[in-house]
Amino acid sequence: MARVLLFGRLADQAGWRDRTVEAGSIADLRRTLADGDAALGEALAGPGVQVAVDKAIVRGEAVLAAGTEVAFLPPMSGG
Amino acid sequence: MTTLPSISLTAQAFEPGALLTTFCAGRDETGAVASFVGLARAERGQATALELEAYPGFTDAAIAAFAEEAKARFALQDYRIVHRIGRIAPGEAIVFVATAAGHRRAAFEACDFLMDYLKSRAPFWKKEHGPDGERWIEPTARDRTDAERWD
């Protein structure tokens, strides 16, 4: 079980920003999210979207333990 | 003396003058404090509000890591950063940065350096609300070149 957070335009597109999803890895999580919402799955894989696992940027794969927080971060705008 | 936080993200409007007064208090070896206040622009009616989203625990940690780098680079004694999040009306303060150093050059430059980072690279997501709806904003080319001056 991972806690999934969406930010910026990704949250607007999905219509949610915080959800618990059953997934054992990032790839697994991407598949599950894309199965429920294909357009979101595409957006999450889009250019400039970064992934943070427990608030640290991860490039590539990561194993998700119970309660792991996964955030999808679209390009940051600055303040 | 109580220790004040160096970085705050707040959904409440803040008063920059009060922050500066507090930051300047009790310094007898500082010599120079520089400060900057960024305000939300109305863009002649095109921007009715600005909305800033942060990732608590991630955004503040990223800003803190960068600010500590700035502190070392410019030999700052101290700094204070306050950044609004949530919905911000035109004319309200979005960001306050103050830097304290022994002499003015370091204080000015560090303040400029921190602002270039906050405007272009800090992890925020910004949406502009206007008469024609809302749109997400990405950093401008100008913001990027400003930040690259320091690389």
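Select strand 3 (residues 50-53) of chain A and strand 5 (68-73) of chain A. They run antiparallel, joined by 4 bridges. Bear in mind that this is a predicted model. Pick Ala52(A) and look across: Ala71(A) of strand 5 stands opposite.

Keep Ala52(A) selected and turn to strand 4 of chain A. Here the residue opposite Ala52(A) is Ile57(A). Strand 3 and strand 4 of chain A are also antiparallel, with 3 bridges between them. One bridge pair to label is Val53(A) with Ala56(A) of strand 4.

**The hairpin turn in chain A**

Zoom in on the link between strand 3 and strand 4 of chain A. This hairpin has 2 residues between its strands. Asp54(A) takes a positive phi near 45° there. Now select Lys55(A), in the loop between strand 3 and strand 4 of chain A. Lys55(A) is not a glycine, yet its phi is positive, about 70°. Is Lys55(A) exposed, partly exposed or buried? Count the C-beta neighbours inside 10 Å: there are 15, so Lys55(A) is classed as partly exposed.

**The whole sheet of chain A**

Show all the strands of chain A's open sheet. There are 5 of them, in the order 2-1-5-3-4, and the pairing is mixed. Which strands stand at the edges? Strand 2 (18-21) and strand 4 (56-58) of chain A do. Each has a single partner strand, so one side of each has no neighbour in the sheet. From one strand to the next, the twist of this sheet averages 30°.

Add helix 2 (residues 26-36) of chain A. The helix lies across strand 1 (2-6), strand 2, strand 3 and strand 5 of chain A. Measured against strand 2 of chain A, helix 2 runs at about 110°.

**Across to chain B**

Select the residues where the two chains touch. Chain B gives 23 residues to the contact, and chain A gives 13. On the chain B side, five elements each supply at least two residues: strand 3 (49-54), strand 6 (93-101), helix 3 (104-120), strand 7 (124-130) and strand 8 (133-137). Colour that side of chain B by class. The residues divide into 14 nonpolar, 3 polar and 6 charged.

**Chain B as a whole**

Zoom out to chain B alone. The chain has 4 helices and 8 strands. Trace the elements from the N terminus: β-α-β-β-α-β-β-β-α-β-β-α. The C-alpha trace spans about 50 × 35 × 30 Å along its principal axes. A compact globule of 151 residues would have a radius of gyration near 15 Å; chain B has 16 Å, which agrees. Of the 151 residues, 32% are buried. Among contacts with a separation of 6 or more, 76% link residues 24 or more positions apart.

**The antiparallel sheet of chain B**

Select strands 5, 3, 7 and 8 of chain B. They make an open sheet of 4 strands in the order 5-3-7-8, with antiparallel pairing. Strand 5 (86-88) and strand 8 of chain B are the edge strands, each pairing on one side only. The twist averages 25° from one strand to the next.

Stay at the strand 8 edge. How many bridges join strand 7 of chain B to strand 8 of chain B? There are 5, and the two strands run antiparallel. Label Gly130(B): its bridge partner in strand 8 of chain B is Gly133(B).

**Two helices of chain B**

Next, show helix 3 and helix 4 (residues 141-148) of chain B. They pack at an angle of about 145°, with axes 9 Å apart. The crossing is left-handed. Show side chains on helix 3 of chain B for Asp116(B), Tyr117(B), Lys119(B) and Ser120(B). From helix 4 of chain B, add Asp143(B), Arg144(B), Asp146(B) and Ala147(B). By class, this contact has 2 nonpolar, 1 polar and 5 charged residues.

**Last stop**

Finish at Arg44(B), in the loop between strand 2 (32-39) and strand 3 of chain B. Arg44(B) has a positive phi near 50°, in a residue other than glycine. Buried or exposed? Arg44(B) has 6 C-beta neighbours inside 10 Å, so Arg44(B) counts as exposed.

Conventions:
Residues are numbered from 1 along each chain as its sequence is written. Chains are lettered from A and ligands numbered from 1 in the order in which they are written. This is a predicted model: local features need pLDDT of at least 70, side-chain atom pairs count only at pLDDT 80 or more; totals for chains, interfaces and linings use all residues. Two residues are in contact if their C-beta atoms, placed from the backbone, lie within 7 Å. Ala, Val, Leu, Ile, Met, Phe, Trp, Tyr, Cys and Pro count as nonpolar, Asp, Glu, Lys and Arg as charged, and the others, Gly among them, as polar. Two strands pair if DSSP finds at least two bridges between them. Axes are lines fitted to C-alpha atoms, for helices over the stretch in contact, and angles run from 0 to 180 degrees between N-to-C directions. A crossing is left-handed if the near helix is turned anticlockwise from the far one by less than a right angle, and right-handed if clockwise. The radius of gyration is taken over C-alpha atoms; the globule rule is 2.2 Å times the number of residues to the power 0.38. A residue is buried if 20 or more other C-beta atoms lie within 10 Å of its own, exposed if 12 or fewer, and partly exposed in between; C-beta atoms are placed from the backbone.
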